[in-house]
Amino acid sequence: MKAAILAYHSQNIAGDETANNDHVALAADLETLHKAGCRFVSLATLVDAIFECVSPAPESPLVCLTFDDGCDYDVRALEFPPHGTQPGLLQVMEAFISRHGSTAQPGLHATSFVIASPEARRMIDSKSLFGAGHMSDDWWHAAEAHPLLAIGNHGWDHNHPDLEEGQYARGGFDMVDSFEHCQQQVVQAAEFIKAKTGRRPMFFAYPFGESSEYTRGEYFPMHRDEHRCLAAIGTDPGLVTAQSNRWNLPRFVCGRDWSNPAELLAILSVETSP
Ligand SMILES: [Zn+2]
């Protein structure tokens with residue numbers, strides 16, 4: 001069975017081509033992967049198929065979509081100066097469905113990994129976006145209820161280096177290497193997200209794709225009752241297999257690992273049908 005998790009960032013907009021705009025890339029990738037015979041599934045379906053040995057193994061390559069950081073550009077058409085109004089990534093998926101009908105890819109779904117802390121989102125919005133409040137949480141509840149979306153956990157505050165030093169040293173997410181710090185980043189975030197969406201997130205995506213030996217080797221495998229996640233996802237490029245580490249699943253990142261649909265087919269080793 002061939003399976004891959006793809007990551008898009010809705011704030012990656014520097015033009016209107018697949019190489020520099022993740023919205024344009026997603027639209028093109030959906031068409032190309034559909035035509036190449038891939039089957040879009042949710043992260044939950046993919047993880048189940050890989051680790052619970054669903055039989056018979058699906059013949060089509062399974063592809064699941066993830067969006068990182070939870071900007072409002074995930075779900076809303078918004079102005080992104082100076083590049084004009086961008087459709088939300090959700091609207092890109094909906095446009096695919098209007099073109100092909102809802103039965104063409106019945107499993108089409110994306111997990112949007114959000115940052116819990118309102119203060120961290122405010123800071124990232126003002127430093128990395130436009131300070132216009134485009135990292136809100138007022139859409140999380142509707143997203144979780146939407147058939148095409150689920151909300152995932154991207155940590156309490158991304159341990160973002162721009163945030164003030166608190167109880168813990170700031171820097172990469174591999175600096176998170178104690179039980180208490182994991183509880184803050186994973187469980188405190190999960191509880192905040194649940195209060196907004198009504199459902200505890202099932203998946204965690206490591207901020208910056210980074211994790212410490214402790215987090216992936218001890219915290220996630222040994223404290224399942226605490227975090228109650230089904231898997232954690234990194235950004236090491238690669239296909240997901242039964243041999244993958246459930247607590248650091250590989251993921252291909254748009255822009256870093258491919259810049260057009262042909263490159264995406266190549267890294268997935270999927271042949272284009274004649
Ligand atoms: Zn991130």
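**View 1. Histidine 160 and its contacts in the predicted model.** This is a predicted model. Histidine 160 touches Met123, Ile124 and Arg170, not counting residues up to four places away in sequence. Histidine 160 sits in the loop between E7 and H6. Is histidine 160 buried or exposed? Its relative accessibility is 13%, so histidine 160 counts as buried; the cut-off for buried is under 20%.

**View 2. Helix H4 and its cover.** Helix H4 spans residues 118-128. Its buried residues are Ala120, Arg121, Met123, Ile124 and Asp125. Two of these names, Met123 and Ile124, also appear among the contacts of histidine 160. What covers the buried residues of H4? The cover includes helix H5 (140-145) and H6.

**View 3. The zinc site.** Which residues coordinate the zinc ion? They are Asp69, through OD, and His154 and His158, each through NE2, at 2.1 Å. Along the chain, the donors follow the spacing D-x84-H-x3-H. The pair of aspartate 69 and histidine 158 links distant parts of the chain, 89 residues apart. Aspartate 69 belongs to strand E3 (residues 62-69). Histidine 158 lies in the loop between strand E7 (149-153) and helix H6 (179-197). Both aspartate 69 and histidine 158 are buried.

**View 4. The largest nonpolar core.** How many residues does this core have? The count is 39. Leu6, Tyr8 and Leu65 have the most contacts inside the core. Helix H3 (residues 89-100) gives the most to it, with five residues. A second, separate core has 18 residues, including Ile50, Cys64, Phe203 and Ala205.

**View 5. Leucine 65 and its partners.** Here, neighbours within four places in sequence are left aside. Leucine 65 is in contact with Leu6 and Tyr8. Its contacts also include Leu26, Leu30, Phe40, Val41 and Met93. Leu108, His109, Ala110 and Thr111 are in contact with leucine 65 as well.

**View 6. Valine 41 in its loop.** Where is valine 41? Its place is in the loop between strand E2 (39-40) and H2. Valine 41 counts as buried because its relative accessibility is 3%, and buried means under 20%. Leaving aside neighbours within four places in sequence, valine 41 is in contact with Leu46, Leu62, Val63, Cys64, Leu65, Gly107 and His109. Isoleucine 13 makes a second point of reference: valine 41 and isoleucine 13 are 28 residues apart in sequence. In space, their C-alpha atoms are 26 Å apart.

**View 7. Helix H2 and the strands over it.** Helix H2 covers residues 43-51. Leu43, Leu46, Val47, Ala49, Ile50 and Phe51 are its buried residues. What covers them includes strand E1 (3-8), E3 and strand E6 (110-114). Strand E8 (203-205) and strand E9 (231-233) are also part of the cover. Cysteine 53 follows H2, and its phi is positive, near 50 degrees.

**View 8. Helix H1 against helix H3.** The axes of helix H1 (residues 22-35) and H3 come within 9 Å. They cross at roughly 30 degrees. H1 passes H3 in a right-handed crossing. From H1, the contact is made by Asp22, His23, Leu26, Ala27, Leu30, Glu31 and His34. From H3, it is made by Leu89, Val92, Met93, Phe96, Arg99 and His100. Which classes of residue make up the contact of H1 with H3? Seven are nonpolar, three polar and three charged.

Note on methods: Residues numbered from 1 in each chain as written. Predicted model: local features only at pLDDT ≥ 70, side-chain atom pairs only at ≥ 80, totals over all residues. Heavy atoms only, no water. Donors = N, O, S within 2.8 Å, 3.2 Å for Na, K, Ca; no water. Helix = DSSP H or I, 4+ residues; strand = E, 2+ residues; numbered from the N terminus. Buried < 20%, exposed > 50% of the residue type's maximum accessible area, 1.4 Å probe, protein only. Core = buried A, V, L, I, M, F, W, Y, C linked by side-chain atoms within 4.5 Å. Contact = heavy atoms within 4.5 Å. Axes fitted to C-alpha atoms, helices over the stretch in contact; angles between N-to-C directions. Left-handed = near helix turned anticlockwise from the far one by under 90°. Nonpolar A, V, L, I, M, F, W, Y, C, P; charged D, E, K, R; others polar.
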